[in-house]
Structure formats: C-alpha cells, structure tokens
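Okay, thanks everyone. I'll keep this short: one helix, then the cysteines, then a bit of surface. Have a look at the structure first.

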Amino acid sequence: KGMLFKIYADIDVFDIELNTKDPESFIKCVTAMAPTFGGINLEDIKAPECFEIENKLKELLDIPLMHDDQHGTAIVSGAGLINACEITGKNISEIKIVVSGAGASAISCSKIYIALGARRENIFMFDSKGLITTNRKDLDENKKFFAQNCNNQSLGEAMVNSDVFVGLSKGNLVSKE
C-alpha cells in the first residue's frame, strides 16, 4: 500500500503495527503519534471496533483519517456499481442489492451505495446469523440501520431477482444455482 501512496500521490508513508486489541488503548496510541503525520490510514480493524475507533479519532484529530477496510473498499466498489448501472442502463435507486457480510467493508460499501442513490430498503444484508431484519434483537447500531422490515429469508431466496450481489463474508456461501 505504501508504494501505491507513493506512486499515485507522491506521499511518503511507513507502517506502524500496534499490539493491542483494545479500542481505547489503540485510540490513545494513535492520538499520541498523530502530530507526526499529515494523515492516517487505518488498516485491518474489525467491526464493530473499527467504527468506534474511527469516530473517536475523527473527533480528536485535525488530520485526514481513513480506514482502508471501510473507505478503500467502498470507494472502489461504489465506482464499480456506478459503472455496472451505466452499462446495464439500470437506475441505482431501483436496483436490489444483496450483501453477504455485515462487517466494516459491507457496512461502508452499503453506505456509499446509499450516498450514490441506492435506497436503503433495497439493500438486503446478511451476517453470520442470516438476513438482518427489524425483529432481530442482537443488532448493533450499524447493523440496525440496514434491518429489513420483512420475514426472514435465506441468502439464496434474497438473490432471486436481485441486480447486485456483494460478497464481503467468508467464502462458499453461494451455490451456482
């Protein structure tokens, strides 16, 4: 990644690894180092901790901050979705999107689709327990945003007549059918 920053933006970067899984400790370390940097690109932080870390750091820092797992994936995926809609002649506000996965990348990609014109009610997001619906009680705020007000259905059932499938979960969940 450092090479990409250098080649495309002439930005010098270096990698710093923090040996902590505690969000508060991570935030303290990054905040303490922030005056050294012109911007920070976070990497490989799982949901839901990544949302807490990103939100708090944006509040505390006055330099650009990006979480690559969220924003990098979302930007590329959003560009692909715009292109696919253009090629197929479909209106982004009318397409049905099925998302396998509900982690940082899936949530951020889905949010950028909405920013691009997709309708939240047309995004069917699945986590390891199935379709995210309003009758589930095990959802954090990020997942609740994508909860569908419908009966539970399988990933395969949701894919029927869908326009887009986004796979951001473990593999081998989709059959050829």
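**Helix α4 and its surroundings**

So, let's start with who is buried in α4: that's D68, D69, Q70, G72, A74, G78, L81 and C85. Keep in mind this is a predicted model. What sits over those buried residues? The cover includes the strands β1 (40–42), β2 (65–67), β3 (97–100) and β6 (164–167), along with the helices α3 (49–60) and α5 (104–115).

As for the helix itself, α4 runs over residues 68–88, so 21 residues. From first C-alpha to last, α4 reaches 29 Å, close to the 30 Å you'd expect at 1.5 Å a residue. After α4 comes G89, and its phi is positive, near 75 degrees.

Now, cysteines. How many disulfides does a search of the whole structure find? Zero. Just as a reminder, a disulfide is a covalent bond between the sulfur atoms of two cysteines. Take C85, back in α4's buried set: its relative accessible area is 8%. The closest cysteine sulfur to C85's is in C109, 14 Å away, so that's too far for a bond. C29 has a similar story to tell: its closest cysteine sulfur belongs to C50, and at 18 Å that is too far for a bond as well. C29 is partly exposed, though, at 31% relative accessible area.

Last thing, the surface. M3, L4, I7 and Y8 make a nonpolar patch of about 520 Å². One of them, L4, lies in helix α1, residues 2–9, and L4 is partly exposed, with 49% relative accessible area.

That's me done, happy to take questions.

Terms used:
Residues numbered from 1 in each chain as written. Predicted model: local features only at pLDDT ≥ 70, side-chain atom pairs only at ≥ 80, totals over all residues. Heavy atoms only, no water. Patch = residues over 30% accessible without salt bridge, like charges linked within 9 Å, V, L, I, M, F, W, Y side chains within 5 Å. Areas by Shrake-Rupley, 256 points an atom, 1.4 Å probe, with all protein chains shown as cover. Salt bridge = Lys/Arg side-chain N within 4 Å of Asp/Glu carboxyl O. Helix = DSSP H or I, 4+ residues; strand = E, 2+ residues; numbered from the N terminus. Buried < 20%, exposed > 50% of the residue type's maximum accessible area, 1.4 Å probe, protein only. Expected span 1.5 Å × (residues − 1). Contact = heavy atoms within 4.5 Å. Disulfide = S-S within 2.5 Å.
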